[in-house]
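Reader: I should like to learn how such a structure is read, one feature at a time. May we begin with the packing of a helix on a sheet?

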Amino acid sequence: MATAGTLTNLLRSRVLNMTNVSRGVQESIAVSIQYSLIFIGTVLLLQIWGLDISSLAILASIFGVAIGFGLQGVAKELVSGFVITFERAIEVGDFVEIGEFMGTVERLNARSTHIRSLDDIVVIVPNSRLLDTEVINWNHRGSVSRLVFPVRVAYGANISTIRSALLEVAHENHDILKKPTPLVWFQQYGEDFLNFQLLVWIAKPRKQFQIKSDLYFKIDETFRQQNINIPFPQRSLHLDSASLPLQLSPQLENSLSQLSEGLIALLKSQLQTDTSNDATNESAKNQQEK
């Protein structure tokens, strides 16, 4: 196996890199040759050791029983690796999104796939997961991808001015393709905003987050220069003056009347208490002076 791996690496670095085929095709050829060398080497070693090849049927049956009981997971990953390698739905160099992981495929092994994330961390994903779950391949049969930028603008702005400003921002960014040409869609009239969408196409999906940030920075700068306002949530309260003064029910009027009478009685009681205390303090003060 070590010899097969060494020969495969030499083939990948010295021969396949000189061809004009894609990295995915190179990796598929290298993996096929590696497994072929391992198989041929195993057969030759068995013959050199004097083992009858016909007896391999017994070993294969034993190996099958072992797979059935203890190596189901490994067999599943190996089969998934073969399917991925020869189906070529995912190739080396593709920018993929698998669940919470997003990155570039760096290597397709027999049991796992190496993906370098946007944080430059290598994520090792089992091959079976690539077949069992949904995988977003941004480079499958082409590297052109579309990005959508929702943009909300306050009422009062000129629609033609908004469209021209967004297209100008898109054309100034060098990472955005000229063909297909960027588009601006007027989506709808919102409660307190005009809803637009800026559609652009890129050839470097790995840089999509940087492109989004650069575009939004430039859109904000352009809108400020052209006095185009970004809306913020607003709530208005309207009162119908015809319903004033308010009409109260008899029960509510009775309750309010009782409450007001109680408050008046409490205030009178408090006032009498304060007056009595003041008179007592004044009398005591006079007696001390005498």
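Author: Certainly. This is a predicted model. Helix α7, residues 208–225, lies across β6 and β8, and runs at about 30° to β6.

Reader: To what sheet do these strands belong, and what is the order of its strands?

Author: A sheet is read by the order of its strands and the sense of their pairing. Here three strands form an open sheet in the order β6-β8-β7, with antiparallel pairing. The edge strands, each pairing on one side only, are β6 (145–153) and β7 (183–189). From one strand to the next, the twist averages 25°.

Reader: How many bridges join β7 to β8, and how many pair β6 with β8?

Author: Six bridges join β7 to β8, residues 194–202, and the two run antiparallel. Between β6 and β8, also in the antiparallel sense, there are nine bridges. Individual partners may be named as well. F186 has F196 of β8 as its bridge partner, and Y189 has L194 of β8. L194 is likewise the bridge partner of V153.

Reader: How many residues lie between β7 and β8 in their hairpin?

Author: Four residues lie between β7 and β8 in the hairpin that they form.

Reader: Why is β8 described as largely enclosed by the rest of the structure?

Author: The reasoning rests on relative accessible area: a residue counts as buried under 20%. Nine of the nine residues of β8 are buried, so this strand is largely enclosed by the rest of the structure. The directions of its side chains may be added: L194, F196, L198, V200 and I202 point one way, whereas N195, Q197, L199 and W201 point the other way, and all are buried.

Reader: How is a pair of aromatic rings described?

Author: Such a pair is described by the distance of the centres and the angle of the planes. A search of the whole structure finds five aromatic pairs. In one of them, the rings of F95 and W138 have centres 6.4 Å apart and planes at 65°; the pair is therefore edge-to-face, as planes over 60 degrees apart are counted.

Reader: Which parts of the chain does the pair of F95 and W138 tie together?

Author: F95 lies in strand β1 (residues 95–98), and W138 in the loop between β5 (135–137) and β6, so the pair ties together parts that are 43 residues apart in sequence. F95 is buried, with a relative accessible area of 2%.

Reader: Is there an aromatic pair to consider where the helix meets the sheet?

Author: The rings of F149 and Y216 have their centres 5.4 Å apart and their planes at 70°, so this pair is edge-to-face. F149 lies in strand β6 and Y216 in helix α7, so the pair ties together parts that are 67 residues apart in sequence. F149 counts as buried, at 0% relative accessibility, while Y216 is partly exposed at 35%.

Reader: Which residues form the aromatic cluster?

Author: The cluster is formed by Y155, F186, Y189 and F196. Two of these names have appeared together above: F196, in β8, is the bridge partner of F186.

Reader: How should one read the surroundings of a single residue, for example T113?

Author: One may take its place, its accessibility and its neighbours in turn. T113 is in strand β3, residues 112–117, and counts as buried at 1% relative accessibility. Its side chain makes a polar contact of 2.7 Å with the side chain of N127. Leaving aside residues up to four places away in sequence, T113 touches V105, R107, L108, V123, I124, V125, N127 and L130.

Reader: Is A157 buried or partly exposed, and which residues does A157 touch?

Author: A157 lies in the loop between β6 and α6 (159–172). At 22% relative accessibility, A157 counts as partly exposed. Beyond residues up to four places away in sequence, A157 touches I162, L194 and I228. A157 and I228 are 71 residues apart in sequence, with their C-alpha atoms 6.2 Å apart in space.

Reader: What may be said of the protein as a whole?

Author: The protein has eight helices and eight strands. Of its 290 residues, 27% count as buried. Among contacts with a separation of 6 or more, 61% are between residues 24 or more positions apart. The protein exposes about 20,000 Å², of which carbon and sulfur atoms supply 58%.

Key
Residues are numbered from 1 along each chain as its sequence is written. This is a predicted model: local features need pLDDT of at least 70, side-chain atom pairs count only at pLDDT 80 or more; totals for chains, interfaces and linings use all residues. Side-chain values use heavy atoms; hydrogens and water are left out. Buried means under 20% relative accessible area, exposed over 50%, partly exposed in between (1.4 Å probe, protein chains only). Contact means heavy atoms within 4.5 Å. Accessible areas come from the Shrake-Rupley method with a 1.4 Å probe; for residues, only the protein chains shown count as cover. Two strands pair if DSSP finds at least two bridges between them. Axes are lines fitted to C-alpha atoms, for helices over the stretch in contact, and angles run from 0 to 180 degrees between N-to-C directions. A polar contact is a pair of N or O atoms within 3.5 Å; within protein, one must be able to donate a hydrogen and the other to accept it, and residues adjacent in sequence count only if both atoms are side-chain atoms. Rings of Phe, Tyr and Trp (its six-membered ring) pair if their centres lie within 6.5 Å; planes under 30 degrees apart count as stacked, over 60 as edge-to-face and the rest as tilted.
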